[in-house]
Amino acid sequence: MRVCMPTWRNFSTNAFRGPLYEAQDVVASIDDVDLLHIEATPAFSWKEKWLRKLIWKDVTKQLIRMNPGLKPVRLHHDYDLFVVMCQQWWELLNVNAIVDWRKRSRRAICWLDEVYSAEIWRRPHWLSILNEFDHIVLPYQSSADALSEVLNRPCHYVPRAVDVIRFSPYPFVPQRVVDVLSIGRRWPDIHRTLLDMSQQGKLFYVHDTVADGGDQRMNHASEHRTMLSNLIKRSRYFMVSPGKMLDLQETKGQMEPGMRYFEGAAAGAILIGQPVDTPSFRSLFDWPNIVTPLNPDGSDVEDALQELNLQPGLQRRISNQNAAICAQRHDWLHRWETILRLAETPATARFEVRKAQLDAIANHFLHDLQSGHDSTAHPAQITST
């Protein structure tokens, strides 16, 4: 195994962590990865909580290097690459369970997922451990820029992605029996309008019915992601909005694309809601009709859906376009390719096998577009390979 990648999935099972566990599984399928399943001790529940509090007042800056109550793991050989994926800041503590990980790694890369620029300046006590890594990657451009200003390590913008093979409706294209699917955070007025339409028999609306659904515990990360993909593949319209759009205390107004854009587009659903008004979003999703915009007050929901319903040809083009371009650009393979380039490490033969599978998915939907003489295809990406 040339890559060492620790995972917290045996003790940290919140649903919002599913995408990073999915990323680890994809990487393990295309590279020679030692996926270390870190285990918690009974002390973890209280020790980790107290460490997170004490670190804020730690003038020595040494508490960040303490094991938060995990079973120590000793590596038995050297690795070309050590990659740790942290959903949140405090997961950096988990790395301390791995004895001498830095000495055993030729290159080390840290993926910090949900970090907003304003948080970086508020968390100086957490930063020192990042200097152990050769590269830090973040899915937000502005956060990568901000972190680069306070660290003496390269910080890189590497967007999120999705397991396209899992989420794609190819090869068994299912019927889209759900009219509108909404997962996670939502605008209350849009939700209320969709509920009214559903109660009037105008559409089939599927939505979360629990508060803070992302904090719910998964029995199995892979099964959870498969269930979500199956729902989206069977939905015509999928609600999207900027990540944490109602949590200004954390974001301080920093708008970023969340996972829903990648998941919905890869599944060939028509995205409805709000695009993100940033250069990075426009670069990631630079093809026509990527999001049908809705007002947050819900005033135009019924008209927008009715207009789409009257244009089955447009619906088909949007669906095919979304599914094809995600296969070309937004699989976790494409992000791993960037990380391998940073680590100056070549890809494996299994990488090329998955790439061929993604090409087959893209070509399937491209053929459908071309056979329909679609004139709205994006010339930069909608091309046969």
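**Exercise 1. Determine the strand order of the five-stranded sheet in this predicted model, and identify its edges.**

Solution. Step 1: the five strands form an open sheet in the order S10-S9-S11-S12-S13, and the pairing is parallel.

Step 2: strand S10 (205-207) and strand S13 (292-293) each have a single partner strand, so they stand at the edges and one side of each lacks a neighbour in the sheet.

Step 3: the pairing can be followed at one edge. Strand S9 (residues 178-182) is joined to S10 by three bridges in the parallel sense. Here Val 180 stands opposite Tyr 205 of S10.

**Exercise 2. State which strands helix H7 and helix H11 lie across, and at what angle each runs to S11.**

Solution. Step 1: helix H7 (residues 221-233) lies across S9 and strand S11 (235-240), and its direction makes about 115° with S11.

Step 2: helix H11 (residues 301-309) lies across S9, S11, strand S12 (270-273) and S13, at about 145° to S11.

**Exercise 3. Work out how the buried residues of H11 are arranged around its axis, and what they pack against.**

Solution. Step 1: list the buried residues of H11, which are Val 301, Ala 304, Leu 305 and Leu 308.

Step 2: viewed down the axis of H11, these buried residues fall within an arc of 95°, so they line one face of the helix.

Step 3: recall the geometry of such a helix. An α-helix has 3.6 residues a turn, so residues three or four places apart point the same way.

Step 4: consider the face turned away from the buried side of H11, which carries the exposed residues Asp 303 and Glu 307.

Step 5: identify the packing partners. The buried residues of H11 pack against S9, helix H6 (188-199), S11, S12, S13 and H12.

**Exercise 4. Decide whether Ala 267 and Gln 315 are buried or exposed, and list their contacts beyond four places in sequence.**

Solution. Step 1: locate Ala 267, which lies in the loop between helix H9 (259-266) and S12. Its relative accessible area is 0%, so Ala 267 is buried.

Step 2: beyond its neighbours within four places in sequence, Ala 267 is in contact with Phe 167, Pro 169, Arg 176, Ile 232 and Lys 233. The C-alpha atoms of Ala 267 and Phe 167 are 5.0 Å apart, although 100 residues separate the two in sequence.

Step 3: locate Gln 315, which belongs to helix H12 (residues 312-329). The relative accessibility of Gln 315 is 12%; buried means under 20%, so Gln 315 counts as buried.

Step 4: apart from residues up to four places away in sequence, Gln 315 touches Arg 236, Tyr 237, Ile 270, Leu 308 and Asn 309.

**Exercise 5. Describe the six-stranded sheet, including its edges, its pairing and the cover of S4.**

Solution. Step 1: the six strands form an open sheet with parallel pairing, in the order S2-S1-S4-S6-S7-S8. Strand S2 (33-37) and strand S8 (155-157) are the edge strands, each pairing on one side only. On average, neighbouring strands of this sheet are turned by 25° against each other, direction ignored.

Step 2: examine the pairs that involve S4. Strand S4 (residues 79-86) and strand S6 (residues 105-112) run parallel and share seven bridges. Tyr 79 stands opposite Ser 105 in S6, and Met 85 stands opposite Trp 111 in S6. S1 and S4 are also parallel, joined by two bridges, with Cys 4 opposite Phe 82 in S4.

Step 3: assess the cover. Seven of the eight residues of S4 are buried, which leaves the strand mostly covered. Helix H1 lies across S1, S2, S4 and S6, running at about 155° to S1.

**Exercise 6. Classify the ring pair of Phe 11 and Phe 44, and explain what the pair ties together.**

Solution. Step 1: a pair of aromatic rings is described by the distance of the centres and the angle of the planes. The whole structure contains 11 aromatic pairs.

Step 2: the ring centres of Phe 11 and Phe 44 are 5.0 Å apart and the planes stand at 70°, so the pair is edge-to-face.

Step 3: Phe 11 lies in the loop between strand S1 (3-7) and helix H1 (18-30), and Phe 44 lies in helix H2 (residues 44-54), so the pair ties together parts that are 33 residues apart in sequence. Both Phe 11 and Phe 44 are buried.

Definitions and conventions: Residues numbered from 1 in each chain as written. Predicted model: local features only at pLDDT ≥ 70, side-chain atom pairs only at ≥ 80, totals over all residues. Heavy atoms only, no water. Phe/Tyr/Trp six-rings, centres within 6.5 Å; stacked < 30°, edge-to-face > 60°. Helix = DSSP H or I, 4+ residues; strand = E, 2+ residues; numbered from the N terminus. Buried < 20%, exposed > 50% of the residue type's maximum accessible area, 1.4 Å probe, protein only. Pairing = 2+ DSSP bridges. Contact = heavy atoms within 4.5 Å. Axes fitted to C-alpha atoms, helices over the stretch in contact; angles between N-to-C directions. Arc of directions from axis to C-beta.
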